[in-house]
Amino acid sequence: MTTVFDTLHEFLVSLLGSGTLSLIATTLVYAAIPLLFIILYGLVAILGEMKISAWLQDRLGPMRTGPVGLLQPIADIMKLMQKEDTTPRAADKWLYRLAPWMVFAGSYAVFAALPFSAIYIGARLNTGIFYIISIGSLVVVSILLAGWGSNNKYSMIGAMRSVAQIISYEVPVALAILTVVVVAGSMDLQSITNMQSGGIENWFLFGGPKHLAGFGGTMNVILIPVMFVAFAIYFVGSLAETNRVPFDVPEAESELVGGYHTEYSGMKFALFFLAEYASMFSVGAVATVLFLGGWQSPLGDTLNGPAMGFVWFILKGLSFVFVQIWIRWTLPRLRVDQVMYVCWKVLIPFGLAAVAAASVIAVALYS
Amino acid sequence: MPEILERRTIKHSTLATTTHVHAPEEVERGRLRTEEMVLNMGPQHPSTHGVLRLEVVLDGEIVVDVIPHIGYLHRCFEKHAEALTYPQIIPYVDRMDYISAMSGEHGYVTAVERMMNVEVPEKVEYIRVLFAELQRIASHLIAIGTYGLDAGAFTPFLYCLRDRESILEMFEKTCGARFLYNYMWVGGLSHDLHPDVLGMCRAFVKVNRETHTEVNNLLTFNHIFVERTANIGILDPLVAVNCGASGPMLRGCGVKWDIRKNDPYSIYDRFDFDVAVGSNDLGTLGDAFNRHWVRMLEWEQSLNIIEQILEQYPRNDMTDVQSAIPRRLKAPAGEIYSRTETPRGELGYYIVSRGDVKPWRVKVRSPAFSNLSILPLISRGYLIADLVVILGSIDIVLGEVDR
């Protein structure tokens, strides 16, 4: 199959000749595609957040900028770019300036391993999901840098909470991911997606690929409850990893003003903001790949193909973003100790049980 | 000591004006040396409900001590009042508890009328009670909505403000003002009830009952909300009484005390309503949840009172609402303490007169001030997140605390 990379390379070879130069140019342009996607998606998501919250709260939302307020995110970005970029005098200047770039780099790097379509994946790694879990941890470091570098007590408390929370929730999230990995027998996101071809019943959430299973796929029913538990754990954990409600204690505005980004303004703040939105999509995208068939069409071969792959993948990812926004404007926030309780005493035991059950079932069905 | 650490050392101010200074102590815990931290919350902070400054001594995230610093909104009400005639004071009364200006006015005019033995027409009393109860709902809507905000729920706040808007519309139609009314005058009112208001009121009660259920489902019975608010900031009834707590703060810990029932003023004795008190059903008696729960119940009781007013209101009474206003407002020499039940609790006016057109002394017993004084007692040992929730449950209005 001709991938996007091949097409791009051919095009640039025709321009620059078949040397190292064209290869470097291809790589750069190829790497910029997710960046472009994040920015475009960011605009949609910011508008979506404003409009969905308005819809939930019996309001109109932004209405003045452009037709029905459609240009509001652009106006917001213009405002953020023009704002004075202040650094507190007592801040640790280098760490303070480094943190927003690092947090964005972490969120952006996750997109390298996401299979947007059969013909597009930034880097097809045989340990793709493992890479995503580990590179996502870069966010923790940068949040701690932001909290420490700001030299502000609110920022520091927010950063401490954030680190404790994200590190804790990586455990149940990893367990939920492991449940799928055990059944799929692979950590490569592209092959996990390929496995789930042939419609909705072959998605891992609904029992996994039946054409590959023993007993003609009839026994896959017993996998469904396990996968639902894993999916719920993954979803709850991913809310906590992206600091979204009800787990937004690190940036709880009623307690800590803005948490770790209290002192940030202008483009530095915009980077934190964009990184948060990018992570919202990427956790949804990972859930899509692991549980909901990635870029596969839910209708089997109908509407399936490389181009439709992009559509399905982004659509599924965005529906996760929608649910996250919906939850944000509905639920109150948990307290920091309750957040930890949910993680260690609820999600992790169920996660361990799901992994154990999935392992036994996988041996029975797929070996 | 390296420079960076030196910069981070907490320097505590020991100003003589500060009544209570808690110097950070070093705590030995095993071999790790930890230090208490002083965090200033406010006066610019999203959840101090105005310009309150809390000096919070923290051990990690645990609150060791809280010292509320007030006075950022002090406007010398009591001294001003000595230089003004009795009717001139009313606009200043509005600006004390600006969230429920009608209730403040009601308390003030009741006090002055008692002093001067003014008989108020029945129609005026009905309008006053109607507006006081509408104001109580408006105030509780803000209290409940912002309490949701403190707990992190944004949406109920907007539902509450939407309903508050229709109350303000009724006020606006009647007296032209939406927030600070100068509506209740000694012996009467500034304007008669607008003819549309009774119909609007009837429609409002119907819509508002639905909102009540909706807010209950979205907020009060939300599992996360209950987890956040139940069993924190428990106030003992004895402490509450000794500290002078009143209103939902006092009723939340099970004391059935409501001035409208226990020391009736105006025409409250004509209406049938219950005094809401806290319970042990979802939280512990006297905790933050019960204070919220009492407000929810009071909201419903106020709707009941409004329905009764709508039935009993003398529609054919053509009395001029200004007919009983005395020509010369001169209180006889003497003193009076008169109290009324505002949404925040017992609002008392102590007025000393020397037979002049101006009072010689006016002292206000502010419910929010007394309630706020309990904050340090009920928030020690909880987390910062709890402190915000406990402060929100007290429902302070800084205009009234500082006066």
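## Helix α6 of chain A

In helix α6 of chain A, the buried residues are A:V139, A:V140, A:S142, A:I143, A:L145, A:A146, A:G147, A:G149 and A:S150. This is a predicted model. The buried residues of α6(A) pack against three helices of chain A: α4 (93-110), α5 (128-136) and α7 (153-184).

Helix α6(A) covers residues 138-150, 13 residues in all. From its first C-alpha to its last it reaches 18 Å. That is close to the 18 Å expected at 1.5 Å a residue. An α-helix has 3.6 residues a turn, so residues three or four places apart point the same way.

## Two residues with positive phi in chain A

Most residues other than glycine have a negative phi. What is the phi of A:N151? It is near 55°, a positive value in a residue other than glycine. A:N151 follows α6(A) and sits in the loop between α6 and α7 of chain A. A:N151 counts as partly exposed because 19 other C-beta atoms lie within 10 Å; a buried residue needs 20 or more.

A:V68 is another case. Its phi is positive, about 40°, although A:V68 is not a glycine. A:V68 is found in the loop between α2 and α3 of chain A. With 13 C-beta neighbours inside 10 Å, A:V68 is partly exposed; 12 or fewer would make a residue exposed.

## The two domains of chain A

Chain A is divided into domain 1 (1-82) and domain 2 (86-366). The C-alpha centres of these two domains of chain A lie 21 Å apart. Domain 1 of chain A gives 19 residues to the contact, and domain 2 of chain A gives 19 residues.

Which elements build the side of domain 1 that touches domain 2 in chain A? Helices α2 (20-56) and α3 (72-82) of chain A each supply at least two residues. The largest share, 11 residues, comes from α2(A). On this side of domain 1 of chain A there are 12 nonpolar, 6 polar and 1 charged residues.

## Where chain B meets chain A

The contact takes 28 residues from chain B and 24 residues from chain A. On the chain B side, the elements giving two or more residues are β3, α5 (122-151), α6 (155-175), α8 (223-229) and α15 (384-394). The residues on that side of chain B divide into 15 nonpolar, 6 polar and 7 charged.

## Helix α6 of chain B

Helix α6(B) has 21 residues, which should span 30 Å at 1.5 Å a residue. The end C-alpha atoms of α6(B) are 31 Å apart, which agrees. Many residues of α6(B) are listed as buried, including B:F157, B:Y159, B:C160, B:I167, B:M170 and B:F171. B:D163 and B:R164 are also buried in α6(B).

What do the buried residues of α6(B) pack against? Their partners are α2 of chain A together with α5 and α7 (197-220) of chain B. Just after α6(B), B:G176 takes a positive phi of about 90°.

## A sheet in chain B

Chain B has an open sheet of 3 strands, in the order β3-β4-β5, with antiparallel pairing. The edge strands are β3 (37-41) and β5 (62-69) of chain B, and each pairs on one side only. Neighbouring strands of this sheet are turned by 20° against each other on average, direction ignored.

How many bridges join β3(B) to β4 of chain B? There are 5, and the two strands run antiparallel. Strand β4 of chain B covers residues 53-59. B:M41 stands opposite B:L54 in β4(B).

Terms used. Residues numbered from 1 in each chain as written. Chains lettered and ligands numbered in written order. Predicted model: local features only at pLDDT ≥ 70, side-chain atom pairs only at ≥ 80, totals over all residues. Pairing = 2+ DSSP bridges. Helix = DSSP H or I, 4+ residues; strand = E, 2+ residues; numbered from the N terminus. Axes fitted to C-alpha atoms, helices over the stretch in contact; angles between N-to-C directions. Domains from an automatic or database assignment. Contact = placed C-beta atoms within 7 Å. Nonpolar A, V, L, I, M, F, W, Y, C, P; charged D, E, K, R; others polar. Expected span 1.5 Å × (residues − 1).
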